[in-house]
Amino acid sequence: MTDLKTIAVNALEDLKGQDITALDVSELSDVMETLIICTGTSNRQVKSLANNVVEDGKEAGYRPIGVEGMETGEWVLVDYGDVVVHVMQAETRRFYDLEKLWSMTPNTRANADGSDPHTD
């Protein structure tokens with residue numbers, strides 16, 4: 001059986017998703033292991049990309065816990081538990097910059113005021 005990460009990435013590639021990034025966040029999160037981020041060129045493509053992930057996952061025996069954002073197509077989240085897929089329009093992706101947020105190691109995180117949380 002093909003792993004879910006591979007299925008999701010292939011589903012995004014099949015519909016020409018842009019800048020597909022898979023991050024191992026297992027050291028940063030207790031609720032997921034892999035975060036996949038992809039850019040779609042329009043709300044229609046964002047919806048299609050997310051739907052393709054869901055359909056290809058179902059064919060392989062995986063059912064998402066939840067899918068959010070299909071109404072607008074600006075940012076769609078497909079949650080499988082261990083694997084979470086974010087499909088976003090370019091402007092939304094730049095604004096939220098999830099790659100930067102999730103690439104921070106626990107030792108380099110700062111409090112909202114910029115202070116080190118390990119010295120408070």
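Biologist: Which residues are linked in a network of salt bridges?

Modeller: Asp19, Arg93 and Glu99 are. Before we go on, please keep in mind that this is a predicted model, where local features need pLDDT of at least 70 and side-chain atom pairs count only at pLDDT 80 or more, while totals for chains, interfaces and linings use all residues. Residues are numbered from 1 along each chain as its sequence is written, and side-chain values use heavy atoms, with hydrogens and water left out.

Biologist: Fair enough. Why are the pairs in that network called salt bridges?

Modeller: The rule asks for a side-chain nitrogen of Lys or Arg within 4 Å of a carboxyl oxygen of Asp or Glu. For Arg93 and Asp19, the N to O value is 3.6 Å, so the pair meets the rule. For Glu99 and Arg93, the N to O value is 2.3 Å, so that pair meets the rule too. By this rule the count comes to two salt bridges.

Biologist: What makes the pair of Arg93 and Asp19 a tie between parts of the chain?

Modeller: Arg93 lies in helix α3 (residues 90–96) and Asp19 in strand β1, so their pairing ties together parts 74 residues apart in sequence. Helices (H or I, at least four residues) and strands (E, at least two) are DSSP runs, numbered from the N terminus.

Biologist: How do you know whether Arg93 and Asp19 are buried or exposed?

Modeller: Buried means under 20% relative accessible area, exposed over 50%, and partly exposed in between (1.4 Å probe, protein chains only). Arg93 has 6%, so Arg93 is buried. Asp19 has 54%, and therefore counts as exposed. Across the chain of 120 residues, buried ones make up 37%.

Biologist: Let's turn to the strands. What makes the sheet open, and how is the pairing described?

Modeller: Five strands form this open sheet in the order β1-β2-β5-β4-β3, and the pairing is mixed. At the edges are β1 and β3 (66–68), each of which pairs on one side only. From one strand to the next, the twist averages 10°.

Biologist: How do you know that β1 and β2 pair?

Modeller: Two strands pair if DSSP finds at least two bridges between them. β1 and β2 have five bridges, in the antiparallel sense, so they pass that rule. One example is Leu23, whose bridge partner in β2 is Leu35. On to β5: seven bridges join β2 to β5, and these two run parallel. There, the bridge partner of Thr34 is Val83 in β5.

Biologist: What makes β2 mostly covered?

Modeller: Seven of its seven residues are buried. Thr34, Ile36, Cys38 and Gly40 point one way from the strand, and Leu35, Ile37 and Thr39 the other way.

Biologist: And helix α1: which of its residues are buried, and what covers them?

Modeller: In α1 (residues 4–14), the buried ones are Leu4, Ile7, Ala8, Val9, Ala11 and Leu12. An α-helix has 3.6 residues a turn, so residues three or four places apart point the same way. What covers the buried residues of α1 includes β1 (18–24), β2 (34–40), α2 (43–59) and β5 (83–89). After the helix comes Lys16, with a positive phi near 65°.

Biologist: What makes a set of residues a nonpolar core, and which members touch the most others in the largest one?

Modeller: A nonpolar core is a set of buried Ala, Val, Leu, Ile, Met, Phe, Trp, Tyr and Cys residues joined through side-chain atoms within 4.5 Å. The largest has 18 residues, and Leu12, Ile36, Val53, Val78, Tyr80, Val85 and Val87 touch the most other members. At least two residues of this core come from each of α1, β2, α2, β4 and β5. Apart from it lies another core, of eight residues, among them Val25, Met32, Val84 and Leu98.

Biologist: Which residues is Tyr80 in contact with, beyond its sequence neighbours?

Modeller: Contact means heavy atoms within 4.5 Å. Leaving aside neighbours within four places in sequence, Tyr80 has contacts with Leu4, Val53, Val54, Gly57, Tyr62, Arg63, Pro64 and Ile65.

Technical notes: Axes fitted to C-alpha atoms, helices over the stretch in contact; angles between N-to-C directions.
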